[in-house]
Amino acid sequence: TYAEPCYAQAVDWLLCDGIARLGAPDGDSLYLRLSTRPIDQAPFIAARERLGADALRTGVLAGGYRLVEPAAAVVEGAHVLLAACGAVLPEAAHAASLLAVEGVDATVLDLTSPDRLYGQWRSELQLASREARPAHMERLHLARMIPRRERHSPIVTVHDAASHSLAWLGSVFGQRVLPVGVDHFGQSGTIADLYGEFDLLPEQIANAALVALA
């Protein structure tokens with residue numbers, strides 16, 4: 001199972017869970033895609049204070065959680081979901097603050113394991129097809145990450161990997177997706193240089209969100 005956590009506590013939880021799963025009768029191995037880039041842990045700490053450690057751990061192990069919420073308790077107007085993975089979470093969180101200045105509410109989703117999220121969705125669709133019944137989408141962990149009131153909002157997926165790797169998210173609830181990622185390989189440079197090349201800087205992610213809302 002592939003996982004790509006950004007924050008230290010999430011790495012700890014996923015690693016311990018992965019070791020436990022190795023000994024389970026139906027267990028599997030865990031592949032962690034990590035980075036040596038220093039990451040400010042403050043957004044994760046804020047999410048833990050908001051959600052509680054137990055609920056946050058459950059979300060991390062299920063595949064994702066809501067890292068950053070809009071400042072307003074009730075979203076009224078333009079809203080976008082920034083779904084990011086791994087070491088680019090700081091850029092996504094910064095983009096959310098830039099969008100707030102523009103009058104756009106942005107929710108940042110931290111996808112700790114896109115593999116687990118996709119696998120659950122795919123399994124439910126497969127089972128529904130075999131049983132000739134509607135798919136029970138509200139059973140998915142993604143249904144808790146993206147509540148009904150936000151399923152009209154576009155999604156900008158942000159990943160320092162192939163842009164199509166997260167583009168499937170829009171198919172779950174029928175949302176518009178603008179994927180941002182790395183589609184050409186072989187370049188070298190600083191993180192800022194490379195992120196600028198692949199539209200991964202906060203200003204570029206914010207612009208992508210505005211395009212998705214247009």
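# Reading the labels, one by one

Author: Let's start with Thr157, which sits in strand E6, residues 155-158. Keep in mind that this is a predicted model.

Reader: Fine. Why is Thr157 called buried?

Author: The cut-off for buried is under 20% relative accessible area. Thr157 comes in at 1%, so it counts as buried.

Reader: And what does Thr157 touch, once its neighbours within four places in sequence are left aside?

Author: Quite a list. Ignoring those within four places in sequence, Thr157 is in contact with Ala83, Ser163, Leu166, Ala167, Leu169, Val177, Leu178, Pro179 and Val180.

Reader: Now the cysteines. How many disulfides are there?

Author: The count is 0 disulfides. Take Cys6, which is in no disulfide: the nearest cysteine sulfur belongs to Cys85 and is 9.2 Å away.

Reader: How do you know that Cys85 has no bonding partner?

Author: A disulfide needs two cysteine sulfur atoms within 2.5 Å. For Cys85 the closest cysteine sulfur, in Cys6, is 9.2 Å off, and that is too far for a bond.

Reader: Are these two cysteines buried or exposed?

Author: Under 20% relative accessible area means buried. Cys6, at 11%, passes that test and counts as buried. Cys85 has a relative accessible area of 0%, so it is buried too.

Reader: Does Cys6 turn up elsewhere? Which residues does Ile39 contact, leaving aside neighbours within four places in sequence?

Author: Cys6 is one of them: with those neighbours left aside, Ile39 is in contact with Cys6, Tyr7, Ala87 and Pro90. Ile39 itself is in the loop between strand E2 (31-32) and helix H2 (42-51).

Reader: That's a loop residue, so what makes Ile39 buried?

Author: The number decides: Ile39 has a relative accessible area of 17%, and buried means under 20%. Ile39 therefore gets the buried label. As for position along the chain, Ile39 and Val88 are 49 residues apart in sequence, with their C-alpha atoms 9.5 Å apart in space.

Reader: What about Pro147, where is it and why is it called buried?

Author: Pro147 is in the loop between H6 and E6. Its relative accessibility is 15%, so Pro147 counts as buried. The C-alpha atoms of Pro147 and Ser97 are 50 residues apart along the chain and separated by 21 Å.

Reader: On to the helices. Why are H4 and H9 called oblique?

Author: Helix H4 (residues 89-101) and helix H9 (residues 202-213) pack at about 60°, with axes 8 Å apart. Angles of 65 to 115 degrees would be roughly perpendicular, and under 35 roughly parallel. An angle of about 60° fits neither class, so H4 and H9 are oblique to each other. Their crossing is right-handed.

Reader: Which residues make that contact?

Author: From H4 you have Glu91, Ala92, His94, Ala95, Leu98 and Leu99, and from H9 Pro202, Glu203, Ile205, Ala206, Ala209 and Leu210. By class, the contact of H4 with H9 has 9 nonpolar, 1 polar and 2 charged residues.

Reader: How do H2 and helix H3 meet, and at what angle do they cross?

Author: The axes of H2 and H3 (residues 53-62) come within 7 Å and cross at roughly 115°. H2 brings Phe44, Ala47, Arg48 and Leu51, while H3 brings Ala53, Ala55, Leu56 and Val60. That contact divides into 7 nonpolar, no polar and 1 charged.

Reader: And what angle do H1 and H3 make?

Author: Helix H1 (residues 8-22) packs with H3 at about 65°, their axes 10 Å apart, and the crossing of H1 and H3 is right-handed. Ala10, Trp13, Leu14 and Asp17 of H1 meet Ala53, Leu56, Arg57, Val60 and Leu61 of H3. The H1 with H3 contact has 7 nonpolar, no polar and 2 charged residues.

Reader: Last one: what makes the phi of Ala132 worth pointing out?

Author: Most residues other than glycine have a negative phi. Ala132 is not a glycine, yet its phi is positive, near 55°. Ala132 lies in the loop between helix H5 (114-131) and helix H6 (141-145). With a relative accessible area of 72%, Ala132 is exposed, because the cut-off for exposed is over 50%.

Reader: Where is Asp199, and why is it called partly exposed?

Author: Asp199 is in the loop between helix H8 (191-197) and H9. Its relative accessibility is 40%, which falls between the buried limit of 20% and the exposed limit of 50%. So Asp199 counts as partly exposed. Asp199 also has a positive phi, about 65°, without being a glycine.

Methods: Residues are numbered from 1 along each chain as its sequence is written. This is a predicted model: local features need pLDDT of at least 70, side-chain atom pairs count only at pLDDT 80 or more; totals for chains, interfaces and linings use all residues. Side-chain values use heavy atoms; hydrogens and water are left out. Buried means under 20% relative accessible area, exposed over 50%, partly exposed in between (1.4 Å probe, protein chains only). Axes are lines fitted to C-alpha atoms, for helices over the stretch in contact, and angles run from 0 to 180 degrees between N-to-C directions. Helices (H or I, at least four residues) and strands (E, at least two) are DSSP runs, numbered from the N terminus. Angles under 35 degrees count as roughly parallel, over 145 as roughly antiparallel, 65 to 115 as roughly perpendicular and the rest as oblique. A crossing is left-handed if the near helix is turned anticlockwise from the far one by less than a right angle, and right-handed if clockwise. Contact means heavy atoms within 4.5 Å. Ala, Val, Leu, Ile, Met, Phe, Trp, Tyr, Cys and Pro count as nonpolar, Asp, Glu, Lys and Arg as charged, and the others, Gly among them, as polar.
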